[in-house]
Every structure is written in C-alpha cells, then in structure tokens.
Amino acid sequence: MTRPAPDPWKGFRGVLAATLILEAIVVLLTLLVVTKIGDNGGALGVVVVLALAVAMIMTTRYLSRPWGPWLGAALQVVMIACGFLVGALGALGVVFALVWGGLLAMRRDVAAKMARGELPSQRQ
C-alpha cells in the first residue's frame, strides 16, 4: 500500500487559518469598544463586527481552494472599509492587511522555489 504524497501547502494553510482565527478573536474584542464608547456604529456596529468575525471563521474552511487565501485578503479590504463605521476595525484592518500581504508574498516565494526545485525537501 503506497502512501499519498504529502501536501506541501498543508502547513501554510494552517498558518493562514491560525491568522484568521486570531484575527476573528481580535475583531470580537472590538465589541468592547463598540458597545462602550460613544459613536461607534451602535447596533449596526455590533452586527458588522459579528459578521466579520463569522466570515473570518468560515473562510478557514476554504483555504485549501486556490482562491481561499485571496478571500482572506479580501476580508482585510472589507475590514478597512468597515473602519468608516467602527474606527477600530479600520486600524485593525490595516495591521492585518500588512500581515496578509506578507503571508501572500511568502506564498509566492515558496511557490517559485518549489517550481524551480530549490526547496530543501526537493534536494537529494
């Protein structure tokens, strides 16, 4: 019985999923700001925060698809746009957009090295 070849992207998808879960937790913590501090969108702000957190958690399911990481990146754009309603989301969106930009750049570099056969696991 032969073993299937290991998926070289499995670990990277784990990092993306962990980033999204961490981000969802941080976004949910903004509920403290939305509910306590003045003009932060009120009930609509709470709904936006909850919807963003649920979208981030649900996106982890699709990270194995080719468009999955880009869906995660698109959530960062949505979060920055939601900053006009809840200011804390805009600031967090910028920070996490930089993280996602770094992760996607790393993904591109690893894919290029993999295509050239330069990964340590590809050497013999």
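Helices and strands are taken here as DSSP runs, helices with at least four residues and strands with at least two, numbered from the N terminus. With that rule in hand I went through this predicted model and found that the secondary structure of the protein chain comes to five helices and zero strands. Read from the N terminus on, I note the order of the elements as α-α-α-α-α.

**Entry: confidence**

I looked up the confidence before anything else, and the mean pLDDT of the protein chain is 86, with 88% of its residues reaching 70 or more. Among the elements, I find the lowest mean pLDDT, 77, in helix H2 (residues 31-36), and the highest, 93, in helix H4 (residues 68-82). I keep in mind that where pLDDT is low, the predicted coordinates should not be read in detail.

**Entry: the chain as a whole**

I noted that 31% of the 124 residues of the protein chain count as buried. The chain exposes about 7,800 Å², and I see that carbon and sulfur atoms supply 70% of this area. For the contacts between residues at least 6 apart in sequence, I wrote down that 63% join residues at least 24 apart.

**Entry: the nonpolar core**

Which residues have the most contacts inside the largest nonpolar core? I found Val 27, Leu 52, Met 56, Met 79 and Leu 89 in that role, in a core of 22 residues. The elements that give two or more residues to this core are helix H1 (10-29), H2, helix H3 (42-59), H4 and helix H5 (87-116). I then followed Leu 89 and, leaving aside residues up to four places away in sequence, listed its contacts as Val 27, Thr 30, Val 48, Val 49, Leu 52, Met 79, Cys 82 and Gly 83.

**Entry: the nonpolar surface patch**

On the surface I looked up a nonpolar patch of about 460 Å², which is made by Ile 21, Ile 25, Leu 29, Leu 32 and Ile 57. Helix H1 gives the largest share of this patch, three residues. I checked Ile 21, which lies in helix H1, and its relative accessibility is 37%, so I count Ile 21 as partly exposed.

**Entry: the salt bridge**

How many salt bridges does the count come to? I get one, and it joins Asp 109 to Arg 108, with the closest N and O atoms 3.8 Å apart. This pair passes because the cut-off asks for a side-chain nitrogen of Lys or Arg within 4 Å of a carboxyl oxygen of Asp or Glu. In general, side chains of opposite charge can pair when their charged atoms come close. As for cover, I noted Asp 109 as partly exposed at 42% relative accessibility, whereas Arg 108 is exposed, with a relative accessible area of 55%.

**Entry: Trp 9 and Ala 81**

I found Trp 9 in the segment before H1, where it is partly exposed with a relative accessible area of 22%. Not counting residues up to four places away in sequence, Trp 9 touches Arg 107, Val 110, Ala 111 and Met 114. I also looked up its distance to Ser 64, which is 55 residues apart from Trp 9 along the chain, and the C-alpha atoms of the two are separated by 8.5 Å.

Ala 81 lies in helix H4, and I noted it as partly exposed at 46% relative accessibility. From Ala 81 to Gly 93 I wrote down 8.4 Å, C-alpha to C-alpha, for two residues that are 12 residues apart in sequence.

Conventions. Residues are numbered from 1 along each chain as its sequence is written. This is a predicted model: local features need pLDDT of at least 70, side-chain atom pairs count only at pLDDT 80 or more; totals for chains, interfaces and linings use all residues. Side-chain values use heavy atoms; hydrogens and water are left out. Buried means under 20% relative accessible area, exposed over 50%, partly exposed in between (1.4 Å probe, protein chains only). pLDDT is the predictor's confidence in each residue, from 0 to 100. A nonpolar core is a set of buried Ala, Val, Leu, Ile, Met, Phe, Trp, Tyr and Cys residues joined through side-chain atoms within 4.5 Å. Contact means heavy atoms within 4.5 Å. Patches are made of residues with over 30% relative accessible area and no salt bridge: like charges are joined within 9 Å, nonpolar side chains (Val, Leu, Ile, Met, Phe, Trp, Tyr) within 5 Å. Accessible areas come from the Shrake-Rupley method with a 1.4 Å probe; for residues, only the protein chains shown count as cover.
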